[in-house]
Amino acid sequence: MARFGLAVALIVSACALQRPQAFAQSPAPAAGQTSEDDQFFKGIYREFYDTYRLGPADEIAIRVTAQPDYTIERVKVSPTGSVYHPLLGDVQVAGMTVPRLTKRLTGELSEYLINPKVSVALLEANSAKVGVLGDVIHPGILIMNKPMNVLDAITASGGVADTGDKSGVIVLRQLRDGRAQTFKVNVKRILEGKAGPEENVGLQAGDTVIVNGNTKKKMAYILSLAGFGSFVSFIGGAGGRR
């Protein structure tokens with residue numbers, strides 16, 4: 001346990017986290033990209049924004065039409081999971097999606113304002129994390145501040161090491177009921193342009209990407225490490241897990 005704890009500490013300290021930027025619109029399709037592919041990627045963005053659960057350090061905007069005194073252009077979620085609103089006081093937002101928070105604020109503001117038109121925007125996502133372990137250049141923890149797929153996570157971790165197996169990458173996902181779900185991803189096919197967009201699995205906050213070694217390091221070995229469950233719990237903390 002102590003040895004694993006030290007390993008995780010080294011992984012975390014070695015992982016360079018980039019400061020998330022405010023969200024932009026979905027990128028324009030590349031030359032030659034089909035309309036079907038474009039709709040697929042737009043769907044990933046919509047799903048990310050609609051299902052992301054707010055957590056500490058996330059930044060949001062709360063806008064009330066024609067009510068500048070009750071509009072907040074940028075506020076950071078506190079370590080306790082709340083934001084301050086001038087009319088409502090401290091509002092607990094941790095664990096809530098943007099649509100759910102919008103509905104809640106509309107209801108609470110209706111007690112003071114007539115038919116308030118409320119919108120909530122996610123400006124920066126800082127609480128969602130994914131882990132990348134195994135044979136990559138820089139294993140560790142990434143902030144998932146925008147939609148991210150398996151190849152994105154591996155690229156952000158420096159790419160697959162020479163000893164890594166590109167054809168047998170595993171995504172480990174812990175479901176809300178405690179069960180574990182795994183996906184096998186053939187990154188080699190993706191890099192060769194032979195895979196469909198759905199094969200490059202979209203990640204959820206709390207996922208762990210495991211790049212097996214092509215010699216001795218295998219997923220079973222990583223899962224057998226004492227304390228791996230604690231690592232999974234850490235990256236799937238407040239605001240991150242669906």
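Of the 242 residues in the protein chain of this predicted model, 42% count as buried. The accessible surface of the chain comes to about 13,000 Å², and carbon and sulfur atoms hold 54% of that surface. Seven helices and ten strands make up the regular elements of the chain. When contacts with a separation of 6 or more are considered, 60% of them are between residues that lie 24 or more positions apart in the protein chain.

The confidence of the prediction should be kept in mind while reading the rest. The mean pLDDT of the protein chain is 80, and 71% of its residues reach 70 or more. Over residues 1-32, however, the pLDDT is below 50, although the model gives this stretch 45 contacts beyond near neighbours in sequence. Residues 238-242 also stay under 50 in pLDDT, and for them the model has 23 contacts beyond four places in sequence.

**The three-stranded sheet**

One open sheet is formed by three strands in the order E2-E1-E5, and the pairing in it is antiparallel. Strand E2, residues 72-76, and strand E5, residues 118-124, stand at the edges and have a single partner strand each, so one side of each is left without a neighbour in the sheet. On average, and with direction ignored, neighbouring strands of this sheet are turned by 25° against each other.

Strand E1, which covers residues 59-64, is joined to E5 by six bridges, and these two strands run antiparallel. Within this pairing, alanine 61 stands opposite alanine 121 in E5, while isoleucine 60 stands opposite leucine 122 in E5. Helix H3, made of residues 98-109, packs on the sheet and touches both E1 and E5, and the direction of the helix makes about 140° with that of E5. E1 also pairs with E2, in the antiparallel sense and over three bridges, and here glutamate 59 stands opposite lysine 76 in E2.

How many of the six residues of E1 are buried? Five of them are, so E1 is largely enclosed by the rest of the structure.

**The five-stranded sheet**

Another open sheet has five strands in the order E7-E6-E10-E8-E9, and its pairing is mixed. Its edges are taken by strand E7, residues 140-143, and strand E9, residues 180-185; each of these has a single partner strand, so one side of each is left without a neighbour in the sheet. Neighbouring strands of this sheet are turned by 20° against each other on average, again with direction ignored.

Inside this order, strand E8, residues 169-174, and strand E10, residues 208-211, run antiparallel and are joined by three bridges. Isoleucine 170 stands opposite isoleucine 210 in E10.

The residues named above as standing opposite each other are collected here.

| Residue | Opposite residue |
|---|---|
| Glutamate 59 | Lysine 76 in E2 |
| Isoleucine 60 | Leucine 122 in E5 |
| Alanine 61 | Alanine 121 in E5 |
| Isoleucine 170 | Isoleucine 210 in E10 |

**An aromatic cluster and a loop residue**

Phe48, Tyr49 and Tyr52 form one aromatic cluster, and the count of aromatic pairs comes to two. Phenylalanine 48 and tyrosine 49 form an edge-to-face pair, with 5.8 Å from centre to centre and 75° between the planes. The rings of phenylalanine 48 and tyrosine 52 have their centres 5.5 Å apart and their planes at 45°, so this pair is tilted.

Are the residues of this cluster buried or partly exposed? Phenylalanine 48 has a relative accessibility of 4% and therefore counts as buried, since buried means under 20% relative accessible area. Tyrosine 52 also counts as buried, at 4% relative accessibility. Tyrosine 49, in contrast, is partly exposed, because its relative accessible area is 23%.

One residue of this cluster is also touched from a loop. Threonine 97 lies in the loop between strand E4, residues 89-92, and H3. Not counting residues up to four places away in sequence, threonine 97 touches Asp50, Thr51, Tyr52 and Arg53, and Tyr52 belongs to the aromatic cluster described above. Threonine 97 is itself buried, because its relative accessible area is 13%.

Conventions: Residues numbered from 1 in each chain as written. Predicted model: local features only at pLDDT ≥ 70, side-chain atom pairs only at ≥ 80, totals over all residues. Heavy atoms only, no water. Pairing = 2+ DSSP bridges. Helix = DSSP H or I, 4+ residues; strand = E, 2+ residues; numbered from the N terminus. Axes fitted to C-alpha atoms, helices over the stretch in contact; angles between N-to-C directions. Contact = heavy atoms within 4.5 Å. Phe/Tyr/Trp six-rings, centres within 6.5 Å; stacked < 30°, edge-to-face > 60°. Buried < 20%, exposed > 50% of the residue type's maximum accessible area, 1.4 Å probe, protein only. Areas by Shrake-Rupley, 256 points an atom, 1.4 Å probe, with all protein chains shown as cover. pLDDT = per-residue confidence, 0-100.
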